[in-house]
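Got your viewer open and a hand on the mouse? Let's take a walk through this one, stop by stop.

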2 protein chains.
Amino acid sequence: MKNESITITDIAKALNFSSSTVSRALRDSYQISEETKRIVKEYAEKHNYHPNLMAQSLKSNKSKSIGLLLCSIPNNFFAEVISGVESIAYNRGYHIIITQSHESQEREARNLEHLSWRSVDGLLVSLASETKDMSSLQKIHANGVPIVFFDRVSDCIETHQVVADNIDGAYQLTKHFIESGFRSIAHVTSPYDLSITHERKEGYLKALAEYDIPVNEQYIKYCPHGGMIIEEIEMAIQQLLDMEQPPDAVFTASDRITIGAFAYLHKKNIGIPEQIAIAGFCNFSSPELFNPSLTTIRQPAFEMGKAAAELLIELIESKKPTTHFEKKILGTELLVRDSSVKIVI
Amino acid sequence: MKNESITITDIAKALNFSSSTVSRALRDSYQISEETKRIVKEYAEKHNYHPNLMAQSLKSNKSKSIGLLLCSIPNNFFAEVISGVESIAYNRGYHIIITQSHESQEREARNLEHLSWRSVDGLLVSLASETKDMSSLQKIHANGVPIVFFDRVSDCIETHQVVADNIDGAYQLTKHFIESGFRSIAHVTSPYDLSITHERKEGYLKALAEYDIPVNEQYIKYCPHGGMIIEEIEMAIQQLLDMEQPPDAVFTASDRITIGAFAYLHKKNIGIPEQIAIAGFCNFSSPELFNPSLTTIRQPAFEMGKAAAELLIELIESKKPTTHFEKKILGTELLVRDSSVKIVI
DNA sequence: TTTATTTGTGCAAACGTGTGCATAGGAAAA
DNA sequence: TTTTCCTATGCACACGTTTGCACAAATAAA
């Protein structure tokens with residue numbers, strides 16, 4: 001890599017061409033004769049030439065990199081998203097720069113700043129649950145950096161969005177609870193302001209309405225930090241259990257909340273699903289091994305990553321400014337297991 | 001980022017200095033008067049100047065990036081490693097480029113090639129289980145790119161290594177099995193050639209020897225693809241179960257093998273731990289929720305990532321060639337749960 | 001006063017590519 | 001034959017930074 005690297009100038013000298021001719025030959029310019037192209041390409045191939053990406057970047061003002069803004073890497077959902085993004089980016093010649101917000105608005109803003117210094121060509125963003133102030137994101141976007149939202153989206157910027165079908169997923173799960181015989185279904189969910197929170201609640205309410213089950217606002221609990229703080233999950237569950245009419249089932253809205261709530265019920269020796277059934281959104285890898293096996297709604301995380309990356313690269317490479325933006329909604333998968341099955345006594 | 005970006009030349013023009021003076025002032029060169037430095041820095045601060053990293057890279061031939069070569073991102077162990085690496089790299093001004101080998105030697109070689117084209121300043125490598133040919137790695141290293149191994153290490157290159165204390169972890173777990181009353185302890189492990197395989201087997205054998213338990217070679221099963229192919233795990237377990245004297249406990253050597261084996265026993269309705277106990281290396285996040293709760297040895301993945309990144313950056317930035325290399329061994333944690341407890345009938 | 005030294009600044013080249021413009025040589029048209 | 005046009009190539013500069021060297025001005029030493 002250090003010693004063996006050949007430059008265009010080296011090739012030019014060796015073949016007695018000018019560096020511009022070599023450059024054009026390698027890029028298949030129409031101005032160069034076939035003969036010359038052949039000679040140059042052969043020599044380049046033989047000497048294992050590869051363009052210096054830093055020089056290209058400097059010249060073209062394109063870094064061939066895309067920034068990824070998400071909550072936490074060791075979270076199965078995001079890890080799968082990353083994997084999906086990588087699979088596309090790799091083949092299109094982009095590399096990805098990952099930053100973690102850990103749900104903190106302040107870290108998110110700092111990360112955005114860093115990414116812009118790195119002059120990324122575009123951004124894939126899943127908002128931190130804390131985030132209310134979108135100004136830094138809007139500023140970057142206004143400066144011409146394309147952005148694609150995934151998972152936790154926002155309308156503060158007019159651009160593509162890639163999400164799971166949160167409404168339908170929540171609807172299917174709630175419906176499943178109802179059809180299994182549960183009537184008092186609680187909902188423990190993410191911070192109030194997130195897009196996913198609204199959508200999942202919408203699906204939940206839709207199912208309840210369809211079966212004429214009255215909505216009990218006491219049954220809906222928000223976790224302001226998205227479950228980053230385990231106590232907020234535990235408190236929510238405990239409040240539900242302490243109610244005069246505790247729910248007989250609980251629908252949890254995210255990976256962390258689902259696992260946290262499940263673990264808390266375990267810790268408190270509360271029978272699942274006898275005392276309370278539980279199921280929710282979760283991309284954890286082996287919920288079938290849980291005790292009892294856990295009913296989940298899986299999001300197509302890998303595909304979401306792929307789709308988001310494809311849309312972003314399209315935006316980056318498009319010549320004319322894009323005017324029509326797409327909201328890509330990918331289907332979820334309800335996997336019914338023991339934690340949501342009514343046990344008739 | 002696009003519009004607002006100010007260059008050194010802009011500052012120079014605005015303040016009527018030459019660009020070299022500005023450059024030196026910003027880098028605190030002793031040649032520049034305090035007064036000038038103050039003026040330049042103030043202006044830079046005010047106009048939100050940030051150096052163009054691509055230009056710096058081109059000039060210095062340092063990309064300020066480090067390549068990460070690992071098996072799979074959505075594997076909790078590696079996800080935690082990445083997070084650890086990121087936490088260090090971020091603060092030291094490096095960004096990381098992640099590539100996945102999916103345990104394939106061929107993809108690993110391709111990734112290495114790509115990373116060298118990207119002119120990374122250094123590499124963090126955990127070998128794919130298939131890999132036998134180290135020549136491409138050695139070539140890159142010979143060209144002056146520092147490399148630090150983590151987890152799956154090799155002696156083919158003289159450099160730093162960061163590993164978990166595999167011998168002790170395996171020893172502790174095997175000892176725990178023995179002290180719980182198990183005597184026929186099988187070992188399902190990774191491909192024969194990996195460093196971790198040897199070390200974990202060594203700890204296993206050490207514990208057996210200590211308690212004068214004869215080694216049954218039939219009890220040791222290798223998974224040539226490290227469990228990427230689920231069938232090889234299932235076959236290994238089935239072979240153990242089919243033996244005339246089947247083992248009463250099995251020690252599994254990696255995340256994937258542990259989960260795969262556990263799931264297979266589930267599927268086959270084999271009582272854990274009554275018929276066969278199981279425990280192993282596993283960085284899965286919630287093994288206490290399994291049915292039964294799963295005894296694991298946790299590796300300090302996040303710390304391993306941090307340590308590896310620190311060593312690598314030290315290598316990259318060191319002026320004189322490093323001659324003394326370190327093998328950093330980080331302690332593991334045995335978490336005893338129900339899957340490894342002898343049930344007395 | 002002259003000479004030597006220090007201090008602060010600018011010039012110009014370099015890193016490796018890409019590209020607008022000029023031009024030499026040859027072919028085709030007049 | 002002269003003029004026009006096309007083809008293939010080279011020149012020179014730009015991208016933003018860094019750095020060796022030169023040099024002017026100010027100061028210190030002789």
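Below are four stops, each with something to select and a note on what is there. Keep in mind throughout that this is a predicted model.

**Stop 1: the surface near DNA strand D**

Start by selecting DNA strand D and the 24 residues around it. Those that come nearest are A:Ser20, A:Thr21, B:Thr7, B:Ile8 and B:Ser20. Now colour the helices. In chain A, α2 (19-26) and α4 (53-60) each supply at least two residues of this surface. From chain B, α1 (8-15), α2 (19-26) and α4 (53-60) each do so too. If you colour by residue type, you'll get seven nonpolar, 13 polar and four charged residues.

**Stop 2: where chain B touches chain A**

Next, show both protein chains and pick out the contact between them. Chain A puts in 40 residues, and chain B puts in 40 residues. Stay on the chain B side: α4, α5 (76-92), β2 (95-100), α6 (105-117) and α11 (255-267) each supply at least two residues there. Which element gives the most to this side of chain B? That is α5(B), with six residues. By type, the chain B side splits into 20 nonpolar, 15 polar and five charged residues.

**Stop 3: helix α6 of chain B**

Keep α6(B) and hide the rest for a moment. This helix has 13 residues and reaches 19 Å from first C-alpha to last, close to the 18 Å expected at 1.5 Å a residue. Show side chains for B:Glu108, B:Asn111, B:Leu112, B:Leu115 and B:Ser116, the buried residues of α6(B). Then turn the view until you look down the helix axis. The buried residues of α6(B) fall within an arc of 135 degrees, so they line one face of the helix.

Bring the surroundings back to see what covers those buried residues: β1 (65-70), β2, β3 (122-125) and α7 (135-142) of chain B are included. Before you leave, click on B:Ser119, just after α6(B), which takes a positive phi of about 45 degrees.

**Stop 4: A:Tyr204**

Finally, jump to chain A and select A:Tyr204, which sits in helix α9 (residues 195-210). Is A:Tyr204 buried or exposed? It counts as buried, because it has 26 C-beta neighbours inside 10 Å, and the cut-off for buried is 20 or more. Leaving aside residues up to four places away in sequence, A:Tyr204 touches A:Ala170, A:Thr174, A:His187 and A:Phe251.

For a last distance, draw a line from A:Tyr204 to A:Glu303: they are 99 residues apart in sequence and 24 Å apart in space, C-alpha to C-alpha.

Technical notes:
Residues numbered from 1 in each chain as written. Chains lettered and ligands numbered in written order. Predicted model: local features only at pLDDT ≥ 70, side-chain atom pairs only at ≥ 80, totals over all residues. Near = placed C-beta within 6 Å. Helix = DSSP H or I, 4+ residues; strand = E, 2+ residues; numbered from the N terminus. Nonpolar A, V, L, I, M, F, W, Y, C, P; charged D, E, K, R; others polar. Buried ≥ 20, exposed ≤ 12 C-beta atoms within 10 Å, placed from the backbone. Contact = placed C-beta atoms within 7 Å. Expected span 1.5 Å × (residues − 1). Arc of directions from axis to C-beta.
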